Structure formats: structure tokens, C-alpha cells
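Biologist: I am new to this structure and would like to learn how to read it. Could we go through it feature by feature?

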Amino acid sequence: MNCALIFPGQGSQSLGMGKDFYENSPKAKALLDEASEYSKIDFKRLLFTQNDDLNKSEFTQPAIVLTSLMAYVALLERKPDFRHSFTLGHSLGEFSALAVNGAFDFLEAIILVHRRGIYMQEDCAKIEAGMMVILGLSDEVVQNLCELAKVEGKSIFAANYNCDGQIVVAGLKAHLLEYEAKFKEAGAKRAMLLNMSVASHCPLLNEASNKLSRELESVLKPSFLPVISNVSAKPYENKSEALTLLKAQLVSPVLYKQSILNTQNEVNYFVEFGASILKGLNKKITQKETYALTNLGEIDEFLKAIQ
């Protein structure tokens, strides 16, 4: 049976994530220990003890990618011959998807997203940036309001197309708050500012995009297994395409809904690693089953289900 592996992005972090893998999967434990040594980030402290760093982008991003990769190696520990058709990720999750499909090494992925988080924070430290989730409006209505904001000289951009009726917009926090009433007047059930200090997937991250592109040049392999791009919702599998698409990724909207719709007929099911955020979104997008693997018990249940 064909399947696609999917990987969550920023916002899926939680204290204690990956702990079951660390304590009960030798390969997952080894990966966390190696990542800590390689990156000089104490991931045991970051993931398993109360701290203020887990919600800072420079640490959130490597923590989420590491947890996803721990879940993946724990699955392979249980079933070494497990195969998939392609991978995709939501925003940050595209880097997990790339690592699993051989675009760069796992430890290089950890360093890349650590620096990605730093670059994003640096860009947004100069401004009061934020993101807002809009519920209950069509893509077209949100896009039209973003265009209206642009005409009025305000920085508001569609950032994440998560599922029908759920779009995240990014921009300057003051402008988002000004437009909260306009989204509601247009029929939004909710327009809620998210607890984020970065404005992902919009032109406010141009400098971060350029810096990340230079980092990617030195680590990307010439070719790899197919990964679905957040930018195009289509597969790519070589360094040249990756450099173009990943540079664009930080300043372009995430076409997650479109990616699932484009690929659902090619697979029998989806498998999410390290969280269950995308499983929830997929229920609103596709009738194909999505399994979420956040601990070894869920891995065992999943393997029984696909026998």
C-alpha cells in the first residue's frame, strides 16, 4: 500500500514531546544525544523540563524537527522495511520531510532549522510582527482583504492555507489587530492573534530567506526522493529545485491544503510523525486515513492497522 509521510511545523511543540521515544527506543535516544552534542543544544532539558526556550523560534524549530525524526527512526526500529511514496511537511515540517528523503543528513537538518529560527527572529525583532488565524472565511475573501490592506499601506499577507475555512495571515501585529474587525465583518467565526512573535511565510522575512538560502547551498544533496513543496504543492527531487523553492518558502504562503488535495489519490493513507496537528487538519481535507505517531504505543497500533 502506498503512503505519504507528513511532518508538523511550528506550533506543534509541547513539553515532554518525544520522551517516550527517548526512554524506550535506542535509536531515538541515540539521535537526541547526537543532536545535542552536534548542535550544542541540551535537548533533554529543552524537551523534558520546564523552561522558557521551547517557545522561542530558534529552539522550537530544532525541537520539533528532532521529535519528528525520533518518531521516524523509532518506526524503522520496529519495521526496518517500511516504505513510503513521498513526504511533505507543513512549513518547518518541510525540512523534516527533506531529511527523511535524503536531501541532507538528520543532524544537518537540526542545525539548519536552528539557524532558520534565529534568522526569522532577527528579521522580526526589528518590527512588531505576528500571525492571526482566520476561521470561517473562504480563501478568496481572505485574499481580497489582504489586497485591500496592501492598498491601504498595511502589511497583512495570507500565510498558511490549512484547510477550508482556516487560513493563517501574517504581518505587522498592529495591522493585524486593526483588521480583526474587518475579518469578522466579512463573516469570520473567529479572528485570533496567535502567540507568535514572527510573521512566517510573507515578504517580511526576505533577509532570513536570503541567509537560509546560503546555508542550504552547502548541505543539499544533488538528488533525493520526492518531497511536496509548500510553495507549489508539487513534488521536487533535486538540489536546483530545492534551492529555488526553499528560498521562496519563507516568503510565500504554505499550500498545505492544496498539497493534500493534489496527492490524496496517489496514496492509501498519511502518517504524521511527532505530533497530531496535521491529522486534525487532514480530517477536514481528505477522506484518506491519517495516523499520528507520537509514542511507541501509537506506532504499534499503526503497524497492526496496516498489516
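Modeller: We can begin with charged pairs across a boundary. This is a predicted model, and the count between domain 1 and domain 2 is two salt bridges.

Biologist: Which residue does aspartate 139 form a salt bridge with?

Modeller: A salt bridge is read from the gap between a side-chain nitrogen of Lys or Arg and a carboxyl oxygen of Asp or Glu, with 4 Å as the limit. Aspartate 139 is paired with lysine 257, and their closest N and O atoms are 2.8 Å apart.

Biologist: Which helix gives the largest share of the side of domain 1 that touches domain 2?

Modeller: Helix α11 (residues 256-263) does, with three residues. By type, that side of domain 1 divides into eight nonpolar, three polar and two charged residues.

Biologist: Where are the two domains along the chain?

Modeller: A domain need not be one unbroken stretch of numbering here: domain 1 is 3-123 + 203-306, and domain 2 is 128-194. Their centres, taken over C-alpha atoms, are separated by 26 Å.

Biologist: How many residues of each domain are in contact with the other?

Modeller: The interface can be read as a residue count and as an area. In the count, 13 residues of domain 1 are in contact with 12 residues of domain 2. In the area, about 1000 Å² is buried between the domains, and carbon and sulfur atoms give 59% of that. Leu204, Lys257 and Leu281 supply 45% of what domain 1 buries against domain 2, more than any other three residues. Lys257 is thus a residue to find twice, as it also forms the salt bridge with aspartate 139.

Biologist: What about polar contacts across the interface of domain 1 and domain 2?

Modeller: Seven residue pairs are found in polar contact there, both residues of each being at pLDDT 80 or more.

Biologist: How many salt bridges does the structure hold?

Modeller: It holds 15. One of them joins arginine 115 and glutamate 215, with the closest N and O atoms 2.9 Å apart. This pair links distant parts of the chain, 100 residues apart: arginine 115 is in helix α6 (residues 106-125) and glutamate 215 in helix α9 (residues 206-219).

Biologist: In which sense do strands β7 and β8 pair?

Modeller: Strand β7 (residues 223-228) and strand β8 (residues 235-238) pair in the antiparallel sense, over three bridges. Valine 227 stands opposite tyrosine 236 in β8. The hairpin has six residues between the strands, and alanine 233 takes a positive phi near 60°.

Biologist: Which residues does lysine 27 touch, leaving out those up to four places away in sequence?

Modeller: Lysine 27, in helix α2 (residues 26-39), touches Val73 and Glu77. Lysine 27 and leucine 75 are 48 residues apart in sequence, and their C-alpha atoms are 9.9 Å apart in space.

Note on methods
Residues numbered from 1 in each chain as written. Predicted model: local features only at pLDDT ≥ 70, side-chain atom pairs only at ≥ 80, totals over all residues. Heavy atoms only, no water. Domains from an automatic or database assignment. Contact = heavy atoms within 4.5 Å. Buried area = accessible area lost by both parts, 1.4 Å probe. Polar contact = N/O pair within 3.5 Å; in protein donor to acceptor, adjacent residues only side chain to side chain. Helix = DSSP H or I, 4+ residues; strand = E, 2+ residues; numbered from the N terminus. Nonpolar A, V, L, I, M, F, W, Y, C, P; charged D, E, K, R; others polar. Pairing = 2+ DSSP bridges.
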